[in-house]
Amino acid sequence: MGPEQLKIFQCRSCGQPVSFEHVACANCGTQLVFNASRIDLTKLESHQACRNREIIGCNWCVEGEDWYCSSCDLTRTTPDLGNTRHVMLWRRMEEAKRRLLYDLRRLGLPLESRGGAPVAFDMLSDEVSPILTGHLSGLITLNLAEADDVEREARRVAFREPYRTLLGHFRHEIGHFYWDLLVDGTTFQGPFKLIFGDDTQDYQTAINTYYGRSDRSYDRMGFISEYATSHPWEDWAETFAHFLHIVSTLDSLAGLPLALNERARQTLTDPYLESDFEALLALWMPLARGINELNRSLGMSDAYPFDISPAVKGKLHLVHMAISAFREQQKLAA
């Protein structure tokens, strides 16, 4: 894929910049559709719209004779569409999922396990029975309440989390799937144990212990978040999500009218495929400080309320190495 596909999408009719989420150009009204295979936003008239376009504003096109796009097709269970609130929240869920799938395609990561089982999503409401967000063998379950800003903020405060977003949930849960693919049984399992800890410790016991703790303090130099301390698998998932935060935000930076040195411009050609981890971090650290300062000047909370310590940097580096190694193996096997 060339760099012309990777930064700013433009309306094919008037040339004005349009965002990844747009269904129509705000300037000329041209109906737009995203082609996931080509990573391109183009005119709807040349493609067939996803059947969910009218229902939830899905702006992806279908491929072949399918009724649903490659993103909506991964949703195994949807909420009760007779409830207008559910439809609104499901719309937000699918929008975040499309952004996640965009990240994964740019990274060159597959959406199926080694055995060929595809990733799938259940989007459920806890109005009848409690729903826990989680991952099991490629099936990602998400609580519809996480798409409600008020509900999500209440949970963020209750769980003492500095940051809780819908997209962050998607990126975290898919991280569990990629631990199975990128680490488990690979040459990275040994380094993982050294850096993240012993993943063979009983998971449920560790989680119960985490939620039963009265002392909520933790080693901020060793972990990116409090939840990362619960078990090495959760530490990996949290770190994986942060890696996606970093490369996605740097990719957005590439389209802004900023003065950059030559090495920075090289990195921003495609942050998702940048082989030099240090170059990614060299750009990310001042950017994170900058966006936090911008938020503060608007009276808002920090956009990225985290510090990347040397230990966390090492964990992020392992995520980067595991993704890069997998991508290289796929090239050799092709």
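## Exercises on a predicted model

At 25% relative accessibility, Ala49 counts as partly exposed. That value comes, like the rest here, from a predicted model, so let's work through some exercises on it.

### Exercise 1: Placing Ala49

Work out where Ala49 lies and which residues it is in contact with, leaving aside its neighbours within four places in sequence.

*Solution.* Start with the chain: Ala49 lies in the loop between S4 and helix H1 (53-56). Next, check the label. Partly exposed covers the range between under 20% (buried) and over 50% (exposed), and Ala49 has 25%. Now look around it: setting aside neighbours within four places, Ala49 is in contact with Leu44, Trp60, Val62 and Trp67. Finally, try a distance. Ala49 and Val33 are 16 residues apart in sequence, yet 7.2 Å apart in space, C-alpha to C-alpha.

### Exercise 2: Two residues with positive phi

Take Ile39 and Ser137 and decide for each: buried or exposed?

*Solution.* Begin with the backbone. Phi of Ile39 is near 50°, a positive value in a residue other than glycine, and phi of Ser137 is near 50° too. Then find their places. Ile39 sits in the loop between strand S3 (32-35) and strand S4 (40-43), while Ser137 sits in the loop between strand S7 (134-136) and strand S8 (139-143). Last, read the accessible areas. Ile39 has a relative accessible area of 3%, so it is buried; Ser137 has 66%, so it is exposed.

### Exercise 3: One face of H5

Why can we say that the buried residues of H5 line one face of the helix?

*Solution.* First list them: in helix H5 (residues 189-196), the buried residues are Gln189, Phe192 and Phe196. Then look down the axis of H5: these buried residues fall within an arc of 50°, so they line one face of the helix. Here's the background: an α-helix has 3.6 residues a turn, so residues three or four places apart point the same way. Next, ask what that face meets. The buried residues of H5 pack against helix H4 (166-182), H7 and helix H10 (310-333). One more stop: after H5 comes Gly197, with a positive phi near 120°.

### Exercise 4: H6, His231 and H7

Find the buried residues of H6, then walk along the chain to H7 by way of His231.

*Solution.* The buried residues of H6 are Ala206, Ile207 and Tyr210. Around the axis they cover an arc of only 95°, which puts them on the same side of H6. H7 is included in what covers them.

Between helix H6 (203-212) and H7 there is a loop, and His231 is found in it. With a relative accessible area of 2%, His231 is buried. Not counting residues up to four places away in sequence, His231 touches Asp199, Gln201, Asp202, Tyr203 and Ala206. Notice that Ala206 is also one of the buried residues of H6. For a distance, try Glu293: it is 62 residues from His231 along the chain, and their C-alpha atoms are separated by 32 Å.

Then comes H7 itself. H7 has 22 residues and reaches 31 Å from its first C-alpha to its last, close to the 32 Å expected at 1.5 Å a residue. H7 is mostly covered, with 19 of its 22 residues buried.

### Exercise 5: The second largest pocket

Which element gives the most to the lining of the second largest pocket?

*Solution.* The second largest pocket has a volume of about 350 Å³. It is lined by 14 residues, and the closest to its centre are Thr249, Trp284, Ile291, Ala303 and Tyr304. Two elements give two or more residues to this lining: helix H7 (232-253) and helix H9 (277-297). H9 gives the most, with five residues. Now sort the lining by class and you get nine nonpolar, five polar and no charged residues.

### Exercise 6: Two charged residues

Asp103 and Arg152 both count as charged. Find out for each: buried or exposed?

*Solution.* Asp103 is found in helix H2 (residues 84-107). Asp103 has 0% relative accessibility, so it counts as buried. Leaving out residues up to four places away in sequence, it touches Arg171, Leu244, Ser248 and Tyr272.

Arg152 has its place in helix H3 (residues 149-158). Its relative accessibility is 15%, and the cut-off for buried is under 20%, so Arg152 counts as buried. With the residues up to four places away left out, Arg152 touches Ala145, Glu146, Ala147, Arg164, Thr165 and Leu166. The C-alpha atoms of Arg152 and Leu166 are separated by 8.3 Å, at 14 residues apart along the chain.

Key:
Residues are numbered from 1 along each chain as its sequence is written. This is a predicted model: local features need pLDDT of at least 70, side-chain atom pairs count only at pLDDT 80 or more; totals for chains, interfaces and linings use all residues. Side-chain values use heavy atoms; hydrogens and water are left out. Buried means under 20% relative accessible area, exposed over 50%, partly exposed in between (1.4 Å probe, protein chains only). Contact means heavy atoms within 4.5 Å. On a 1 Å grid over the protein atoms alone, a cavity is a set of points where a 1.4 Å probe fits but cannot get out, and a pocket is an open set with protein on both sides within 12 Å along at least five of seven lines; lining residues have an atom within 4 Å of a point. Grid points are joined across faces, edges and corners, and a volume is the space filled by probe spheres set on the points. The arc is that of the directions from the helix axis to the C-beta atoms. The expected span of a helix is 1.5 Å times one less than its number of residues.
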